[in-house]
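Q: Please take a close look at one strand of this model and at the parts of the fold that surround it. I would like a connected account rather than a list.

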Amino acid sequence: MPTFAEALKDLLFPPHCLGCGLRLATSRPPLLCPQCITGLHFLRSPLCSCCGLPFVTGADHLCGDCLTGRHAFDLARSLLQYRPPASDLVLALKFTGSLTGLATLRALFAREGFLASFGKPDLLLPVPLHNGRLRSRGFNQALVIARECLPQWRDRLAPDLLRRHRPATPQALLSGKERRVNLRNAFSLAHPDRVAGAKILLVDDVYTTGTTVNECSRVLRKAGAERIEVLTVARSLAPGVFA
């Protein structure tokens, strides 16, 4: 039941669905209408037990890439498939600086029990942006997601520990092989000793091929991280690949 202050706020500033713009009855998150909620594709089991790739049927097991030991992280999970309206929330944050969707993402994390997939981290690390990109955008969306959507671990946030020390071509423009070459030696640690023996939760907005988080994980693993888990809001999947 909304409080009087909440009801008054909703009257003066009517809330709207972040997916389709439909007026909502309440401003309590998630700010999505029933139709847009239904349009969200949550990534649930069966999944790859390492990288979180969804399978159509069966039990959780390792996918082909993870069987080859390609990934430097121990576990990666994404809440949603990267498609509307989930992609609308991510893009609004990433390219317009709109923070409106953060409370909705936080509510969806809690609603789905998503965070139960992860262990309690010693360090919460957002995937960094190069300083040039950071200046032009004005903020790092991975840092904002880590800070606002994971408040229970905010005291473990170390935004300056993992650094991106050279610019690179935007990953969206490249093939899988080109992505790996593009990010080679792009990341480093300001204080490698802080990582030794630590349990790390690495946070980013979208998992596409996993190249970015894998390169970050490789640097963390080299510094002696005990366990590396990866949390992303959404995962981009090839057409037709979804449970």
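A: In this predicted model, 8 of the 9 residues of β6 are buried, so the strand is largely enclosed by the rest of the structure. The cut-off behind that statement is a relative accessible area under 20%.

The sheet around the strand gives the setting. Four strands form an open sheet in the order β1-β6-β5-β2, and their pairing is parallel. The edges are taken by β1 (75-81) and β2 (123-126), each of which has a single partner strand, so one side of each is left without a neighbour in the sheet. On average, and with direction ignored, neighbouring strands of this sheet are turned by 20 degrees against each other.

On one flank, β6 (residues 227-235) pairs in the parallel sense with β5 (residues 199-207), over 8 bridges. Within this pairing Ile-200 stands opposite Ile-228, and Asp-204 has Thr-232 of β6 opposite to it. On the other flank, β1 runs parallel to β6 and is joined to it by 6 bridges, with Leu-75 standing opposite Glu-229 of β6.

The chain connection between β5 and β6 also deserves attention, since helix α9 (residues 211-222) combines with these two strands to make a right-handed β-α-β unit. A further helix, α4 (residues 86-96), lies across β1, β5 and β6, and runs at about 100 degrees to β5.

The side chains can be followed into the largest nonpolar core, which has 39 residues and in which Phe-109, Leu-150 and Leu-231 touch the most other members. At least two residues of this core are supplied by each of α2 (34-39), β1, α4, α5 (102-111), α7 (141-149), β5 and β6, and α7 gives the most, with 5 residues. If neighbours within four places in sequence are left aside, Phe-109 is in contact with Leu-79, Phe-114, Leu-115, Cys-149, Leu-150, Leu-231 and Val-233. A second core, separate from the one just described, has 31 residues, including Phe-55, Ala-76, Leu-123 and Leu-189.

Taken together, β6 is a strand with 8 of its 9 residues buried, placed between β1 and β5 in the sheet order, crossed by α4, and among the elements that each supply at least two residues to the largest nonpolar core.

Note on methods. Residues are numbered from 1 along each chain as its sequence is written. This is a predicted model: local features need pLDDT of at least 70, side-chain atom pairs count only at pLDDT 80 or more; totals for chains, interfaces and linings use all residues. Side-chain values use heavy atoms; hydrogens and water are left out. Two strands pair if DSSP finds at least two bridges between them. Axes are lines fitted to C-alpha atoms, for helices over the stretch in contact, and angles run from 0 to 180 degrees between N-to-C directions. Contact means heavy atoms within 4.5 Å. A nonpolar core is a set of buried Ala, Val, Leu, Ile, Met, Phe, Trp, Tyr and Cys residues joined through side-chain atoms within 4.5 Å. Buried means under 20% relative accessible area, exposed over 50%, partly exposed in between (1.4 Å probe, protein chains only). A crossover is right-handed if, with the strands pointing away from the viewer, the path from the first strand over the helix to the second runs clockwise.
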